[in-house]
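User: I am new to this structure and would like a close look at a single part of it, namely the disulfide and its surroundings. Please set that part in the context of the whole chain.

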Amino acid sequence: QVQLVQSGGGLVQAGGSLRLSCTASERFHMGWFRQAPGKQREFVSAIGWIGAPRLYSDSVKGRFTVSRDNDVKTVHLQMNSLKPEDTAVYYCAAAELGGWKAKEFQSYKHWGQGTQVTVSL
């Protein structure tokens, strides 16, 4: 059974940094999505199995960096210059290696448990 285990997140002041991690039990393309209260889930970032491509939403480009260490099947999302509007529950997600559409949540078959990120003023 596929498992995704997330870690990281928490509370930080605006301008601060946090790192999210997600460990998968198998090889996948990986994505990060977030959902704020009352809003739809939105794409944040994605990284292919081989470490490429690396994709970002316009709202986080230049502030967030996605990376992966395939030796330990872990993907990281380094979040810098955080803003209050980044506050959300963040989910990692895993997509099968074929037919991957990185920015579409329907493309992801497996999801992590979610972790809260709160950015205060």
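Analyst: What follows begins with the chain as a whole, turns to the disulfide and the residues around it, and ends with some other local features.

This is a predicted model, in which local features need pLDDT of at least 70 and side-chain atom pairs count only at pLDDT 80 or more, while totals for chains, interfaces and linings use all residues. Residues are numbered from 1 along each chain as its sequence is written, and side-chain values use heavy atoms, with hydrogens and water left out.

The chain has zero helices and 11 strands, where helices (H or I, at least four residues) and strands (E, at least two) are DSSP runs numbered from the N terminus. Along its principal axes the C-alpha trace spans about 40 × 30 × 25 Å. The radius of gyration of the chain is 13 Å, which agrees with the value near 14 Å for a compact globule of 121 residues; this radius is taken over C-alpha atoms, and the globule rule is 2.2 Å times the number of residues to the power 0.38. Buried residues make up 45% of the 121 residues in the chain, where buried means under 20% relative accessible area, exposed over 50%, and partly exposed in between, with a 1.4 Å probe and protein chains only. Of the contacts in the chain with a separation of 6 or more, 58% are accounted for by residues 24 or more positions apart, a contact meaning heavy atoms within 4.5 Å.

Now to the disulfide itself. A disulfide is a covalent bond between the sulfur atoms of two cysteines, and here the term is applied to a pair of cysteine sulfur atoms within 2.5 Å. A search of the whole structure finds one disulfide. It is formed by C22 and C92, whose sulfur atoms are 2.0 Å apart. C22 lies in strand 3 (residues 18-24) and C92 in strand 9 (residues 88-95), so the pair ties together parts that are 70 residues apart in sequence. The link of C22 and C92 is right-handed, with 55° about the S-S bond, and both cysteines are buried.

Around this link, H110 is a useful residue to follow. H110 lies in strand 10 (residues 110-111) and is buried, with a relative accessible area of 17%. Not counting residues up to four places away in sequence, H110 touches V2, L4, F28, C92, A93, A94 and E96, so one of the disulfide cysteines, C92, is among the residues that H110 touches.

A24 is in strand 3, the strand that also holds C22. A24 is buried, with a relative accessible area of 8%. Leaving aside neighbours within four places in sequence, A24 is in contact with Q3, L4 and K73. L4 is therefore a residue touched by H110 and also one in contact with A24. The C-alpha atoms of A24 and G112, which are 88 residues apart along the chain, are separated by 8.9 Å.

On the side of strand 9, Y91 can be followed to Q35. Q35 is in strand 4 (residues 29-35) and, at 32% relative accessibility, counts as partly exposed. Leaving aside neighbours within four places in sequence, Q35 is in contact with Q40, R41, A88, V89 and Y91. The C-alpha atoms of Q35 and Y91 are separated by 8.2 Å, although their positions lie 56 residues apart along the chain.Some loop residues have unusual backbone features, and K73, the contact of A24, is one to look at. Most residues other than glycine have a negative phi, and most peptide bonds are trans. K73 has a positive phi of about 50° although it is not a glycine. K73 lies in the loop between strand 7 (64-69) and strand 8 (74-79) and is partly exposed, with a relative accessible area of 32%. S81 also has a positive phi of about 50° without being a glycine. S81 is placed in the loop between strand 8 and strand 9 and counts as partly exposed at 40% relative accessibility. A cis peptide bond, with omega about -5°, joins A52 and P53, and P53 lies in the loop between strand 5 (42-47) and strand 6 (54-56).
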